[in-house]
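Hi,

Here is the model I said I would pass on. Have a look at it first, and then read on for what turned up when I went through it.

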Amino acid sequence: MGLRRFLVKASEIRNRKRLWPISTRSFSNISSQIQSTPASFGIAFDIDGVILRGETPIGGSPQALKRLYNNSGALRIPYIFLTNGGGFSESKRALELSKLLGVHISPSQVVQGHSPFKQLVDRFENELVVAVGKGEPATVMSEYGYKNVFSIDDYASFFENIDPLLPYKKWNTKQTDYQNSNFKDTALKNDVCSQRVQAVFIVSDSVDWSRDIQVLCDILRTGGLPGREIGHQPELFFASDDLTYQAAFPAERLGMGAFRIALESVFNKIHPKALKYTAYGKPNPFVFNTAEVLLRQLAQSLHHNVHNATNHANVGNHHLKTLYMIGDNPSVDIHGARQAGHPWFSILTRTGVFKGRENHPKFQADLVVDTVEEAVDYILRKES
Ligand SMILES: [Mg+2]
């Protein structure tokens with residue numbers, strides 16, 4: 001597949017509905033019922049260590065979420081997922097969560113670490129950018145509107161011997177269209193290798209740290225032209241900066257923040273200027289502001305009849321007295337909610353990173369509970 005065909009493909013994806021910013025219509029399929037009184041509160045759930053461990057629901061999460069819907073399965077309480085994880089599009093993640101948790105979840109209810117990258121598309125829409133991480137990082141970026149994006153797997157495949165350890169790597173990697181195509185050695189290769197990479201997006205956890213650190217140092221030291229002379233560092237964005245997170249293994253796993261430290265340490269040793277980067281995700285206040293806007297829009301759309309066009313102008317102005325953040329990571333979920341301040345109320349569960357008996361000494365939550373089910377029970381009792 002040639003670059004041009006790829007660009008057309010990316011542009012087709014882009015012409016589908018953009019998920020961000022959210023329109024009133026995005027919520028229109030959530031509830032067909034008109035609520036008499038609008039909800040005065042909203043809930044943001046972290047996923048890993050609160051709702052799921054790996055792919056297994058924990059802490060009574062399916063039962064807890066079911067209580068946020070009415071008997072006919074329509075949403076009655078505005079809630080979203082606010083996760084630093086990612087690697088797949090919001091629509092794919094919503095579908096997967098719906099299956100795992102047994103309730104209907106709309107893509108508009110899923111905010112991932114990389115969701116803020118949607119707002120950078122105007123700056124890099126036609127520029128060559130590289131997307132790093134597990135899952136489908138380039139597809140995620142294409143869906144956001146980036147027209148000239150390559151995954152680091154594809155990008156690295158254009159440069160012979162860029163990874164000296166490749167012959168020793170025994171795992172099987174899925175060959176993509178580019179890697180299989182004859183263009184790799186001809187037009188597309190020349191085209192990609194001669195273009196400057198203008199930005200790198202760490203969309204999700206790096207799968208091959210050694211190759212990614214090597215190739216990223218090549219891109220970032222040379223002004224986006226691996227193998228060439230030292231140049232101005234292209235922009236670098238991380239979807240999150242979590243040092244650790246709770247996955248299926250009993251002890252926490254190293255997250256994107258750990259990868260950032262590794263990349264930064266190496267880069268700063270071999271380059272005269274320190275690495276510059278921007279990290280999104282919790283606890284960044286930007287993420288909590290975005291979550292508040294989404295929850296207000298969602299609350300409004302649940303209250304008003306979606307057929308009443310005059311109400312659309314007010315969407316987003318709906319007042320919510322309390323916003324609950326339920327998370328397992330004190331330095332990410334609780335720190336973020338505390339920094340965001342009123343009307344956020346933080347609830348810390350013991351099903352993930354935090355396992356203490358009392359409150360966390362540094363990032364104290366407003367409430368500490370064992371499970372997400374307990375948290376939802378507390379909220380519904382308090383708000384009834
Ligand atoms: Mg978590």
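Let me start with helix α11, residues 285-303 of this predicted model. Does its length come out right? What span should its 19 residues have at 1.5 Å a residue? The expected figure is 27 Å, and the C-alpha atoms at the two ends are 27 Å apart, so the two agree.

A good part of α11 is covered. The buried residues are Val287, Phe288, Thr290, Ala291, Leu294, Leu295, Gln297, Leu298, Ala299, Gln300, Ser301 and Leu302. Which elements do they pack against? The partners are the strands β1 (41-45), β4 (79-82), β5 (110-111), β13 (322-327) and β14 (344-349), along with the helix α12 (330-340).

That last helix is worth a stop of its own. The axes of α11 and α12 come within 9 Å and cross at roughly 75°, so the pair counts as roughly perpendicular, the range for that being 65 to 115 degrees. On the α11 side the contact is made by Pro285, Val287 and Phe288, and on the α12 side by Gly336, Ala337, Gln339 and Ala340. Sorted by class, that gives five nonpolar residues, two polar ones and no charged ones.

α12 is itself mostly covered, with eight of its eleven residues buried. Those eight are Pro330, Val332, Asp333, Ile334, His335, Gly336, Ala337 and Ala340. The cover over them includes α11, β13 and β14. Right after α12 comes Gly341, with a positive phi near 70°.

Now for the other helix pair I looked at, α9 (residues 209-221) and α10 (residues 256-270). Their axes come within 10 Å and cross at roughly 45°. Why do they count as oblique? An angle of 35 degrees or more is no longer roughly parallel, and roughly perpendicular only begins at 65, so α9 and α10 fall in the oblique class. The crossing of α9 and α10 is right-handed.

Who meets whom there? From α9 come Trp209, Ile213, Leu216, Cys217 and Leu220, and from α10 come Phe259, Ala262, Leu263, Val266, Phe267 and Ile270. This contact has eleven nonpolar residues, with no polar and no charged ones. The general helix rule is handy when you look at lists like these: with 3.6 residues a turn, residues three or four places apart point the same way.

If you want one residue to click on in that contact, try Ala262, in helix α10. Leaving aside residues up to four places away in sequence, Ala262 touches Trp209 and Ile213. Ala262 and Ile213 are 49 residues apart in sequence, yet their C-alpha atoms are 7.9 Å apart. Is Ala262 buried, exposed or partly exposed? Ala262 has 16 C-beta neighbours inside 10 Å, and since buried starts at 20 and exposed stops at 12, this residue counts as partly exposed.

Further on, in the loop between α10 and β12, sits Pro272. Pro272 counts as exposed because only 7 C-beta neighbours lie inside 10 Å. The C-alpha atoms of Pro272 and Ile230 are separated by 9.8 Å, with their positions 42 residues apart along the chain.

Some backbone oddities are worth a look as well. As a reminder, most residues other than glycine have a negative phi, and most peptide bonds are trans. Which peptide bonds are cis here? One runs from Lys282 to Pro283, with omega near 5°, and another from His342 to Pro343, also with omega near 5°. Pro283 lies in the loop between β12 (278-279) and α11, while Pro343 lies in the loop between α12 and β14.

Then there is Asn161, which has a positive phi of about 65° although it is not a glycine. You will find Asn161 in the loop between α6 (152-157) and α7 (177-180). With 8 C-beta neighbours inside 10 Å, Asn161 counts as exposed.

Last, the overall numbers. The chain has 13 helices and 15 strands, and 45% of its 384 residues count as buried. Of the contacts with a separation of 6 or more, 68% are between residues 24 or more positions apart.

Tell me what you make of it.

Cheers

Methods. Residues are numbered from 1 along each chain as its sequence is written. This is a predicted model: local features need pLDDT of at least 70, side-chain atom pairs count only at pLDDT 80 or more; totals for chains, interfaces and linings use all residues. Helices (H or I, at least four residues) and strands (E, at least two) are DSSP runs, numbered from the N terminus. The expected span of a helix is 1.5 Å times one less than its number of residues. Two residues are in contact if their C-beta atoms, placed from the backbone, lie within 7 Å. Axes are lines fitted to C-alpha atoms, for helices over the stretch in contact, and angles run from 0 to 180 degrees between N-to-C directions. Angles under 35 degrees count as roughly parallel, over 145 as roughly antiparallel, 65 to 115 as roughly perpendicular and the rest as oblique. A crossing is left-handed if the near helix is turned anticlockwise from the far one by less than a right angle, and right-handed if clockwise. Ala, Val, Leu, Ile, Met, Phe, Trp, Tyr, Cys and Pro count as nonpolar, Asp, Glu, Lys and Arg as charged, and the others, Gly among them, as polar.
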